[in-house]
Amino acid sequence: MQESRPMPKLERKNQTASMIREGYQFLGNRRRGLQSNIFEAHILGEKVICLSGEQAAALFYDTEKFIRKGAMPKRFQETLTGEGGVQSLDGVAHRHRKEAFMSLMSAEKINQLKEMLKDQWERKLNDFEKQQEVNVYSEAQELLLRLACQWAGVPLKEKEVQEKKEAIIQLFESPVTLGYKQWKAKKARQELETWIGGLIKSVRKGDLIPFEGTAMKVFAFHRDEQDELLNEKIAAVEVLNIIRPIVAISIYIAFEVHAMIQHPEHQKRLASEDEKDLQDFVQEVRRLYPFFPFNAARVKEDFKWEGYAFKKGTLTMLDFYGTNHDPTIWNNPEVFDPTRFKDEPITPYNLIPQGGGEFILNHRCAGEWVTIEVMKVSLDYFANRMTFDVPKQDLSYSLVNIPSIPKSKIILKNVRRKD
Ligand code: HEM
């Protein structure tokens, strides 16, 4: 058998502290230092192979080579994703569950979501006109929670809105925190799963009848690949896998308004009738701004790639943020330029803010189309249906804190409907 190539290695034994210190840029900094798209590190007490770039992403999403079982730290499951959800499945079980998710993402369902969203923005705009000041991040969270529940078939009482909003935000704002904050996020998840679990029970008993094709209906009656109904807790985890990330799009809405403010030179294109202009702007926001830094999988069986040995069970991380900023893929990757997509085509493995590969076969984000459409409709509102002043504020954002959110949360004043 041929000898393996020695894999570039980081010198210091444990890089956990550096990773925490450098956040989104940790993997990219090391990749540049070693001048290699593949290297070995030690993180959280374990040897990890770190991958970056388009070819490496294609490898990471090869289901013959990698599995997700045992890859995600328990504390992310206890807060961000929940336990037993689609993220933790492999093979037939994953495909079967993912098909249920993708059945919610038909063109018809997404159009319905867009109409509901426009309705929500119309109402918000009325409120904004009466407010002295608008906090975009916070307002978007509330709007998206109402939207997510309506679209998913989850009844949400007016008096529950604030409480549920606070709980859901904790799931995606706190996954990498420790101590009290993490404990609070765990508690929030338990309470949310109990709430949705109770509703699943009511749907099964016939006391609550959600519309066909909603997440509540689909997951209340979903049967796994062995024809067993999901238990209530897992059905709740999956309904929350729809609601939580829709609310998290508030981060991208804050970033798209940030991009509008910082790059007024693109304003004219946003006013054009061509939807492609909105789309390119949204894609550039998703490429440039930090959100989900990386993901992990484990080697399924021993194999070699480009001469490097991958041993069964080895934790392997793919750098999403670094791939979206890779200078071998993107010209001037640190520059915000929505026109780049004319010459720089998007492939399943180069623009990966929400993972790569295929939707059903791989773990690529089930809600990527929803995210793009929600961002487009929302951008159209901020760019073309309202006017506002931008008061002095701290528009900086961290490349260390995960998730990153603009410091000021984006404050607007004198918001008025455009005639
Ligand atoms: C807010 C913006 C979003 C970001 C940054 C994001 C990011 C991601 C990422 C990085 C993954 C993992 C990809 C991988 O493992 O390779 C993922 C998976 C997933 N996302 Fe999203 N997502 C977003 C919005 C959404 C929305 C709106 C939904 C649902 C409506 C959604 C539902 C899911 C589900 C169900 C999975 C698991 C897919 C699987 O394991 O097969 N996400 N997302």
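# Sheets, helices and a ligand shell

Biologist: How many bridges join strand 1 to strand 2, and which way do they run?

Modeller: Six bridges join strand 1 to strand 2, and the two run antiparallel. Keep in mind that this is a predicted model.

Biologist: What do strand 1 and strand 2 form, and what is in the turn?

Modeller: They form a hairpin, with two residues between the strands. L44 sits in the turn and has a positive phi of about 45°. For one pair to look at, I38 has L51 in strand 2 as its bridge partner.

Biologist: Which sheet are they part of, and in what order do its strands come?

Modeller: Strands 1 and 2 belong to an open sheet of five strands, in the order 1-2-8-5-3, with mixed pairing. Strand 1 and strand 3 are the edge strands, each pairing on one side only.

Biologist: Which way do strand 2 and strand 8 run, parallel or antiparallel?

Modeller: Parallel, with four bridges joining strand 2 to strand 8. I49 has T316 in strand 8 as its bridge partner.

Biologist: And strand 5, how does it pair with strand 8?

Modeller: Strand 5 and strand 8 (residues 315-319) pair in the antiparallel sense over five bridges. N295 stands opposite L318 in strand 8. Strand 5 (residues 294-299) is also joined to strand 3 (residues 66-67) by two bridges, again running antiparallel. In that pairing, I67 stands opposite R298 in strand 5.

Biologist: New topic. Which residues in helix 2 are buried?

Modeller: In helix 2 (residues 26-34), the buried ones are F26, L27, G28, R30 and R31.

Biologist: What do those buried residues pack against?

Modeller: They pack against strand 1 (38-43), strand 2 (46-51), strand 5 and strand 8, and also against helix 1 (16-22) and helix 14 (320-324). After helix 2 comes Q35, whose phi is positive, near 50°.

Biologist: Now the three-strand sheet. What order does it have?

Modeller: The order is 4-10-9, in an open sheet with antiparallel pairing.

Biologist: Why is one side of strand 4 and of strand 9 left without a neighbour in the sheet?

Modeller: Strand 4 (133-135) and strand 9 (386-389) stand at the edges and each has a single partner strand, so one side of each has no neighbour in the sheet. From one strand to the next, the twist averages 50°.

Biologist: How many bridges join strand 4 to strand 10?

Modeller: Three bridges, with strand 4 and strand 10 (residues 411-417) running antiparallel. V134 stands opposite L412 in strand 10.

Biologist: Which strands does helix 6 lie across?

Modeller: Helix 6 lies across strand 4, strand 9 and strand 10, and runs at about 110° to strand 10.

Biologist: Helix 6 also passes helix 7. At roughly what angle do their axes cross?

Modeller: At roughly 140°, and the axes of helix 6 (residues 107-130) and helix 7 (residues 136-152) come within 10 Å. The crossing is right-handed.

Biologist: Which residues meet there?

Modeller: L113, M116, L117, Q120 and K124 come from helix 6, and they meet E139, L143, R146, L147, Q150 and W151 in helix 7. By type, the residues of this contact are six nonpolar, two polar and three charged.

Biologist: Let's move to Y381. Where is its place?

Modeller: Y381 is in helix 15.

Biologist: Buried or exposed?

Modeller: Y381 is buried, because 20 other C-beta atoms lie within 10 Å, and 20 or more is the cut-off for buried.

Biologist: What does Y381 touch?

Modeller: Leaving out residues up to four places away in sequence, Y381 touches W121 and M386. The C-alpha atoms of Y381 and K118 are separated by 8.6 Å, although these residues are 263 residues apart along the chain.

Biologist: Last one, the ligand. Which residues come nearest?

Modeller: P245, G355, H363, C365 and G367 come nearest, out of 24 residues around the ligand.

Biologist: Which helices each supply at least two residues of that shell?

Modeller: Helix 5 (91-103), helix 11 (232-262) and helix 15 (368-384). Helix 11 gives the most, with seven residues.

Biologist: How do the shell residues divide by type?

Modeller: The shell around the ligand has 14 nonpolar, eight polar and two charged residues.

Note on methods
Residues are numbered from 1 along each chain as its sequence is written. This is a predicted model: local features need pLDDT of at least 70, side-chain atom pairs count only at pLDDT 80 or more; totals for chains, interfaces and linings use all residues. Axes are lines fitted to C-alpha atoms, for helices over the stretch in contact, and angles run from 0 to 180 degrees between N-to-C directions. A crossing is left-handed if the near helix is turned anticlockwise from the far one by less than a right angle, and right-handed if clockwise. Two residues are in contact if their C-beta atoms, placed from the backbone, lie within 7 Å. Ala, Val, Leu, Ile, Met, Phe, Trp, Tyr, Cys and Pro count as nonpolar, Asp, Glu, Lys and Arg as charged, and the others, Gly among them, as polar. A residue is near a molecule or strand if its C-beta atom, placed from the backbone, lies within 6 Å of it. A residue is buried if 20 or more other C-beta atoms lie within 10 Å of its own, exposed if 12 or fewer, and partly exposed in between; C-beta atoms are placed from the backbone. Two strands pair if DSSP finds at least two bridges between them.
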